Every structure is written in C-alpha cells, then in structure tokens.
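Welcome, and please load the model in your viewer. We will move from one selection to the next, with a note on what you will find at each stop.

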Amino acid sequence: MRTVVHKTVDQLQPPSQEDRSQAAKSWGSSASHEHWMGNWACLNEVEVKQPQASSDLPEKFVVGAWNLERCKWVEESAEVIHTAKIDILLATEVDWGMARSKQRHTTKELAEQLGWGYAFGVEFVELGLGDPLETAEFNGVPNEHGLHGNAILSRWPLQAIKLIALDEGGLWYVQSPKQDGQHRVGGRMAIAALLETEKGPLGCVAVHYESESNPDHRNQQTQRLMELLFREYGTIPMVIGGDLNTNTLSEAHTSQTQRRIQPESWEPCFSTFAKYNFAWETANTGQTTTRRGPHHSTHTPHRTLDWLLLRSCQGSQSRVVPALSKVGNYLSDHEMVVSTVSC
C-alpha cells in the first residue's frame with residue numbers, strides 16, 4: 001500500500017505484458033492487488049523531466065487544470081494550452097502505452113510540444129483497453145504499457161515532487177465498481193511539487209478524485225489530501241487543481257452562482273478545504289466544466305467537476321476554456337479551468 005511516494009526517476013519502468021496478463025486473471029483478490037502494488041516500480045515512483053528554464057516563478061502566472069480524457073490528441077491539446085497562455089498545467093487522465101491513445105507517452109509528448117518539464121505519476125496500471133467503447137474499438141490491439149495517471153507540466157523547475165495516494169487502492173481491481181470489465185491496479189492519487197518564487201516556495205498539486213463516489217467519500221479523500229499535504233509541505237502558499245468529481249453540482253440542480261459561492265452546501269469537501277485555508281471563489285467561475293462527447297447521452301446534465309483551489313493566493317481573469325481544437329474538434333469530456341494567480 002502506498003501513502004506518499006518520494007522517489008523520482010528519469011523514466012518509469014512499466015510492468016511486463018506477462019505480469020499484466022497474470023494480474024488480469026486474478027482480479028478480485030485483495031492479496032493479488034497488494035502484491036502487484038508492491039512489486040510494480042511504476043506505482044511507487046514519479047517520472048520527472050525538468051524544463052530548460054531555471055528562473056523563479058514570476059509574481060503572476062496562469063494555471064490551468066484539465067482532465068484530458070486520456071490525452072488522445074496531443075498536438076491539438078498543446079495548441080489549446082498555448083493559446084490560453086498557460087504557464088503551469090495540472091493535468092489528469094493522461095496515458096502512456098495505451099492502444100486508445102496510440103501507445104503514446106502523452107505527458108512527455110505534451111511537454112515536448114510546449115517546451116516544458118513535467119512530473120508524471122501512475123494512478124492505474126490498466127489491465128484492459130479501457131471503457132466498453134474503447135474496448136470494442138481497439139479489440140485485439142494490446143496495450144504496450146497500460147499506464148494511466150496525473151501530471152504537473154511547468155515552464156519552471158519542479159522540486160520536492162511527491163505522489164500522494166487518496167485512498168487505499170484496489171477498488172477497480174477487487175470490486176470493479178462499474179461491472180463493465182475495467183480492471184485496474186492502483187488507486188486515486190495526486191501529484192504535488194514545489195516551485196520557487198521571489199517570496200518563497202509555492203506548492204502545486206494535480207489531483208483526481210474517485211469517479212464512483214459520493215459527497216462523504218469525496219470529503220474523506222479531501223481530508224486525507226489535506227493531512228498529507230500539511231505533513232509534507234506545511235502551510236505554504238499552494239494551488240490545487242483537478243477533477244474532484246463533484247457530481248452533485250449539476251446545471252439541473254444548482255445555479256452558476258451557487259456552484260461558485262456555496263458549493264459546500266452540496267459537497268462537504270469544500271468545508272474541509274476552507275478549514276485548511278483554501279479558497280475557490282476568485283479562481284473559478286461556477287460554470288459547468290463537462291462536455292458531451294459523441295458517446296455521451298444528450299440527457300446527461302452538465303456538471304461542475306473541475307476546480308482550482310488557492311491558499312495565500314488570489315485568482316483573477318478566471319475562465320473555462322472549451323476542450324475543442326482550433327477547428328472545433330472534440331478533445332476531452334472536460335473543459336479546462338484557468339486562472340491568473342498571484343501569491
């Protein structure tokens with residue numbers, strides 16, 4: 001079981017196809033999950049490449065949080081990030097060696113497109129091809145590595161990089177919550193790092209909460225995240241961004257103002273964030289952040305799932321950037337949330 005991972009490497013070592021096939025055959029066993037978690041190095045290390053720039057973070061910078069839904073379109077996504085003038089991207093749902101994303105190391109290639117550095121951590125080793133639609137589309141095409149996770153991409157060097165586990169892991173291996181054949185080794189997690197500013201260190205965190213959860217469970221993940229961030233970094237200024245899966249905050253039941261000003265009325269995790277001095281009003285608009293893809297039902301309400309949270313910082317010019325290429329092609333089922341941050 002992992003709690004906080006401190007070890008960084010130049011390149012992760014994915015498990016072999018033989019190991020992944022063996023793990024797929026023994027799914028449902030807690031003991032098997034613990035075995036693979038402990039023996040696969042890629043789940044207990046963070047891959048890091050530093051950018052060429054060595055200067056400190058400026059007084060104002062632009063942060064984006066984006067669930068890239070596998071990052072299947074690297075070049076087009078990089079263009080959206082560049083056009084939005086992002087300086088630091090807190091990225092979730094990025095693949096490496098998955099058939100559905102053309103076997104690409106999407107974080108590394110996205111960073112190369114931008115000329116940045118990155119820290120990439122594995123949330124799950126995927127034992128299958130993905131959701132039912134992906135499984136049908138890529139039937140017979142094996143994953144080269146099967147890695148899926150979260151990342152921080154930055155113009156500036158990252159220090160004190162850590163992977164922080166949000167749960168005990170095993171839900172998608174032992175229980176298979178959707179009962180749709182998606183079997184995975186691992187658990188939900190965040191990637192955290194420090195950047196140097198003229199005023200001292202700033203923490204940045206890319207986080208992805210469990211999708212098959214309820215408000216109480218999301219609050220438990222928040223409490224764990226807050227406790228571990230405090231233990232590892234103290235009370236320094238910090239930016240947290242990512243997909244919190246706050247699915248009660250939908251356009252069908254809440255207004256844009258309610259979602260921005262009082263989300264804690266539906267999602268108690270925000271009360272926990274506030275207890276640790278994180279605020280969200282200046283860094284978010286309250287707009288919904290989901291986009292219906294070609295495979296989504298038109299009856300599914302849009303929701304506000306993606307957030308930026310700030311401590312000892314202010315947000316301005318906050319906005320939601322559509323997950324569309326410059327010619328209007330679909331890139332992700334999540335929009336990118338963006339704010340200009342000053343600390």
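**Stop one: the cavities**

The largest cavity holds about 50 Å³ of space. Keep in mind as you look around that this is a predicted model. How many cavities of 30 Å³ or more does a search of the whole structure find? The search finds 2.

To see the walls of the largest cavity, select A283, N284, T285, G286, Q287, T289, T304, D306, W307, R319, V320 and V337, which line it. Then colour β13 and β14 (314-321), the elements that give two or more residues to this lining.

**Stop two: the sheet**

Keep β13 coloured and add its sheet. Here you have an open sheet of 6 strands with mixed pairing, in the order β1-β8-β10-β11-β12-β13. Which strands are at the edges? They are β1 (4-5) and β13 (306-311), each of which pairs on one side only.

Next, select residues 189-197 and 200-208, which are strands β10 and β11. These two strands pair in the antiparallel sense, over 8 bridges. For one place to zoom in, pick I191 and its bridge partner in β11, A206.

Now show residues 215-233 as well. This is helix α7, and it lies across β1, β8 (159-165), β10, β11 and β12 (238-243). Relative to β8, helix α7 runs at about 155°.

**Stop three: N67**

Centre the view on N67, which you will find in strand β4 (residues 60-70). Is N67 buried or exposed? N67 counts as buried because its relative accessibility is 0%, below the 20% cut-off.

Show side chains here and look for E69: its backbone nitrogen lies 2.9 Å from a polar atom of the N67 side chain. Leaving aside residues up to four places away in sequence, N67 touches T92, E93, H208, D243, D306, S332, D333 and H334. One of these contacts, D306, also appeared in the lining of the largest cavity.

**Stop four: the largest pocket**

Finally, turn on a surface and look for the largest pocket, with a volume of about 810 Å³. Its lining is made up of 33 residues. Which of them are the closest to its centre? Select K178, S211, H296, D333 and H334. You have already met D333 and H334 as contacts of N67.

To finish, highlight β4 and α5 (132-137), as each supplies at least two residues of the pocket lining. Strand β4 is where N67 has its place, so you can leave both views on screen together.

Definitions and conventions:
Residues numbered from 1 in each chain as written. Predicted model: local features only at pLDDT ≥ 70, side-chain atom pairs only at ≥ 80, totals over all residues. Heavy atoms only, no water. Pairing = 2+ DSSP bridges. Helix = DSSP H or I, 4+ residues; strand = E, 2+ residues; numbered from the N terminus. Contact = heavy atoms within 4.5 Å. Axes fitted to C-alpha atoms, helices over the stretch in contact; angles between N-to-C directions. Buried < 20%, exposed > 50% of the residue type's maximum accessible area, 1.4 Å probe, protein only. Polar contact = N/O pair within 3.5 Å; in protein donor to acceptor, adjacent residues only side chain to side chain. 1 Å grid on protein atoms, 1.4 Å probe; cavity = no way out; pocket = protein on both sides within 12 Å on 5 of 7 lines; lining within 4 Å. Points joined across faces, edges and corners; volume = space filled by probe spheres on them.
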